Amino acid sequence: MPVSTVSIPVGQWLVSTEGVRWWFDSGSFALDFATTGALGEPTAPHAGPHPASAPSAPERLHSPDDLTEWLRERFPVAVGSARSRDLFDAVALRDAIVRMARAAAHGDDLRGADVDVVNLYAATPDIPPSLGGGTRQAGRSVHTVPQALATIARDAVDVFAPENAGRLRECDGPDCNMVYLDTSRAATRRWCSMQRCGNRAKVRAHRARKASASGRVTLDQTAA
């Protein structure tokens, strides 16, 4: 059962280093948030199998205004403007989620310090759920950035719960290290997106089959 108490659509459009817009379903709102930093589109080919050797991704939260814009685009409720302190807290939470996601995807233990960060933010008041159709305003009409961060942290608590062990995966693409939560029933997802790495794999397989067939024809002709 999700820990977050407000329903937020998961998945977002990203732009690749080649300028191609593609849909990434991370399986989790907390992982969506992590793509604003080191869990996002890499800037160099995958350098190795360990988190420390993964290529860096461009920072998307340069200012409080960047954070405000991202939260307002994603939350289905009104969120107030971020301040410098909010940006500091957001980056701290996000980077902890990034490190935890990479560790989980590689089967490594989560760092206690990162778990503490997520738990700290998850323990603060989040954005509460509400029913439409009432006649009075209950609670805030505009929610605070700390409430939004608490909601993200509570979603992270759900993502890294024991029942999701083995479902946090890194894309099988040879030049991709996007991490996602595999929510498919059979847990067989391999790609960050079929539009992107899945399609690239199909193209490579097709070319390999074509080259193999061409090679067989050449050998047959030589033998003849």
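These legends walk through several close-up views of a predicted model.

**View 1. The whole chain, as a starting point.** Before zooming in, it helps to know the overall layout. The chain contains six helices and four strands. Followed along the sequence, these elements come in the order β-β-α-α-α-α-α-β-β-α. The chain has 224 residues, and 42% of them count as buried.

**View 2. Trp13 and Trp23 form an edge-to-face pair.** A search of the whole structure turns up five aromatic pairs, and here is one of them. The ring centres of Trp13 and Trp23 lie 5.4 Å apart with the planes at 70 degrees, and an angle over 60 degrees counts as edge-to-face, so this pair belongs to that class. Trp13 belongs to strand S1 (residues 12-15) and Trp23 to strand S2 (residues 21-24), so to speak two partners ten residues apart in the chain. Trp13 is partly exposed, at 41% relative accessibility. Trp23 is also partly exposed, with a value of 32%.

**View 3. Phe29 meets Phe75 edge-to-face.** The planes of these two rings stand at 90 degrees and their centres are 5.3 Å apart, which means that the pair of Phe29 and Phe75 is edge-to-face. Phe29 sits in helix H1 (residues 29-34), while Phe75 is found in the loop between helix H2 (64-74) and helix H3 (84-105). With their positions 46 residues apart in the numbering, the pair links distant parts of the chain. Are these two residues buried or exposed? Phe29 has a relative accessibility of 3%, under the 20% limit, and therefore counts as buried. Phe75 is buried as well, at 5%. Stepping back a little, ring pairs join Phe29, Phe33, Trp70 and Phe75 into a cluster.

**View 4. Two arginines sit over aromatic rings.** In one place, Arg189 lies over the face of Tyr180, at 4.0 Å from the centre of the ring. In another, the charged end of Arg196 is placed over the ring of Trp22, with 4.4 Å to the ring centre.

**View 5. Asn164 reaches a backbone oxygen from a buried position.** Look for Asn164 in the loop between helix H5 (145-159) and strand S3 (168-170). Its relative accessible area is 15%, so Asn164 counts as buried. Which backbone oxygen does the side chain of Asn164 reach? The partner is the backbone oxygen of Val159, at 3.1 Å.

**View 6. Ala187 has a positive phi.** The phi angle of Ala187 is about 55 degrees, although this residue is not a glycine. Ala187 is located in the loop between strand S4 (179-181) and helix H6 (194-223). With 22% relative accessibility, Ala187 counts as partly exposed.

**View 7. The largest pocket and its lining.** Rolling a probe the size of a water molecule over the atoms shows where empty space is left. The largest pocket has a volume of about 240 Å³. How many residues line this pocket? There are 13, and those nearest the centre are Pro129, Ser130, Gln137, Ala138 and Arg140. By type, the lining is made up of six nonpolar, five polar and two charged residues.

Notes:
Residues are numbered from 1 along each chain as its sequence is written. This is a predicted model: local features need pLDDT of at least 70, side-chain atom pairs count only at pLDDT 80 or more; totals for chains, interfaces and linings use all residues. Side-chain values use heavy atoms; hydrogens and water are left out. On a 1 Å grid over the protein atoms alone, a cavity is a set of points where a 1.4 Å probe fits but cannot get out, and a pocket is an open set with protein on both sides within 12 Å along at least five of seven lines; lining residues have an atom within 4 Å of a point. Grid points are joined across faces, edges and corners, and a volume is the space filled by probe spheres set on the points. Ala, Val, Leu, Ile, Met, Phe, Trp, Tyr, Cys and Pro count as nonpolar, Asp, Glu, Lys and Arg as charged, and the others, Gly among them, as polar. Rings of Phe, Tyr and Trp (its six-membered ring) pair if their centres lie within 6.5 Å; planes under 30 degrees apart count as stacked, over 60 as edge-to-face and the rest as tilted. Helices (H or I, at least four residues) and strands (E, at least two) are DSSP runs, numbered from the N terminus. Buried means under 20% relative accessible area, exposed over 50%, partly exposed in between (1.4 Å probe, protein chains only). A charge sits over a ring if NZ of Lys or CZ of Arg is within 6 Å of the ring centre and within 35 degrees of the ring normal. A polar contact is a pair of N or O atoms within 3.5 Å; within protein, one must be able to donate a hydrogen and the other to accept it, and residues adjacent in sequence count only if both atoms are side-chain atoms.
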